[in-house]
Amino acid sequence: MTQSWKLTLPCTRAEAEALTGDFEALAMLDPPPAIITREPDEARPDRWELNAYFEGKPDADSVALLQSRLPSAAKARPLLEPLPDEDWVTVSQAGLEPVHAGRFYIHTTSNKGQVPRGATAFRIEASQAFGTGGHSTTANCVAMLDAMRRRGLRAIDIADIGTGTGVLAFAAQSLWPQARIIASDIDPKSVGIARDNAAINAVPTGQLPGHLALVTASGADHPAILARAPFDLIIANILAAPLIELAPAFAALSRPGASVVVAGLLRAQADTVATAYRHAGFRLAETQGQGEWPGLRFIRRPDFGFRRRQRTPLRTSQPPGDFGTW
């Protein structure tokens, strides 16, 4: 049996997302490593950590290739260590905590623990895609969606842009079981992972009401998304830059009075994001979370008087990897 090795490098969140979306670079390694990234300390959101798990000891060129994709780690000393003869996937997930927000409980196989009474549980494995694990962006989004439903918000057409693992779309389907829900991601691998996770969690997929439709799209640029507009609710847990870039598209795709829930931005970026959405025709309705990663809910303002129709870009210039974190 080949011994596994673990490579640890410091990085930023953006670098981690870019690397896990860089399939061409990873394909150059034979066999390619399994990549898991995490945020060791939420109080220091710019300091992330990358762990690459190899079958056998990686050579210097493999280590250098990965390090070259992380500019902030250029002068760091790579930590390379052999792993004991055990299931490293389980070991890597052992430190993750489940997310309990609103009526939902999100866990992996290894950290399920005791599901709270009355909670709806979703199993999302941390090894399946970048960004999985107990991050506050997910908790804030899920808590906000749950609170909106408890206040009586009705939603018939819902879009989750940048779905990643699919967990926010699953929560929306549970809260509004008769709604038509579509989820997209710029990364086709993430769409496949979301489809697998839907099967694991018994979330029905397809085009019918109460089912989840999944598409690969840059931003909201897909005929299936356009065909379902206008939406009552749009969810986007991505990054500040694509959120700002997509604000006009979300305005074009939502009906007056619709809610847009966004996350994945730092608290220091919230004012800039809010300004972009205000200019696009939204008002800030609420902020969820007290930490470094707030969730924001905007409400689309009514249109008054004549408004010249504009051609709105529906796609984002952000590369794959900037979408779908939880």
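## A parallel pair in a small sheet order

Strand 6 (residues 104-107) runs parallel to strand 7, and four bridges join the two. Within this pairing, Ile106 sits opposite Phe122 of strand 7. Please keep in mind that we are looking at a predicted model.

The two strands belong to an open sheet of three strands, arranged in the order 5-6-7 with mixed pairing. Strand 5 (99-101) and strand 7 (120-123) take the edge positions; each has a single partner strand, so one side of each has no neighbour in the sheet. From one strand to the next, the twist averages 15°. As a general reminder, the strands of a sheet pair through backbone hydrogen bonds, in either a parallel or an antiparallel way.

## The helix across the sheet

Which helix lies across strand 6 and strand 7? That is helix 6, which runs at about 155° to strand 7.

Helix 6 (residues 167-175) is mostly covered, with eight of its nine residues buried. The buried residues begin with the run Val167, Leu168, Ala169, Phe170, Ala171, Ala172 and Gln173, and Leu175 is buried too.

## Arg228, buried without a salt bridge

Now to helix 8 (residues 223-228), where we find Arg228. What is the nearest side chain of opposite charge to Arg228? It is Asp157, at 5.5 Å, and Arg228 has no salt bridge even though Arg228 is buried. A salt bridge would need a side-chain nitrogen of the Arg within 4 Å of a carboxyl oxygen of the Asp.

Setting aside neighbours within four places in sequence, Arg228 touches a varied group of residues: Asp157, Arg180, Ile181, Ile182, Gly206, Gln207 and Ala213 are in contact with Arg228. Asp157 thus appears both as a contact of Arg228 and as its nearest side chain of opposite charge.

## Ala147 in helix 5

Helix 5 (residues 136-150) holds Ala147. Is Ala147 buried, exposed or partly exposed? With a relative accessible area of 23%, Ala147 counts as partly exposed, because buried would require under 20%. Arg103 is 44 residues from Ala147 in sequence, while their C-alpha atoms are 9.4 Å apart in space.

## The chain as a whole

Stepping back, the chain contains 10 helices and 14 strands. It has 326 residues, and 53% of them count as buried. Its accessible surface comes to about 15100 Å², with 51% of that belonging to carbon and sulfur atoms.

Contacts also link distant parts of the sequence: among contacts with a separation of 6 or more, 71% are between residues 24 or more positions apart.

Conventions:
Residues are numbered from 1 along each chain as its sequence is written. This is a predicted model: local features need pLDDT of at least 70, side-chain atom pairs count only at pLDDT 80 or more; totals for chains, interfaces and linings use all residues. Side-chain values use heavy atoms; hydrogens and water are left out. Buried means under 20% relative accessible area, exposed over 50%, partly exposed in between (1.4 Å probe, protein chains only). Lys and Arg count as positive and Asp and Glu as negative; His and the chain ends are not counted. Contact means heavy atoms within 4.5 Å. Accessible areas come from the Shrake-Rupley method with a 1.4 Å probe; for residues, only the protein chains shown count as cover. Two strands pair if DSSP finds at least two bridges between them. Axes are lines fitted to C-alpha atoms, for helices over the stretch in contact, and angles run from 0 to 180 degrees between N-to-C directions.
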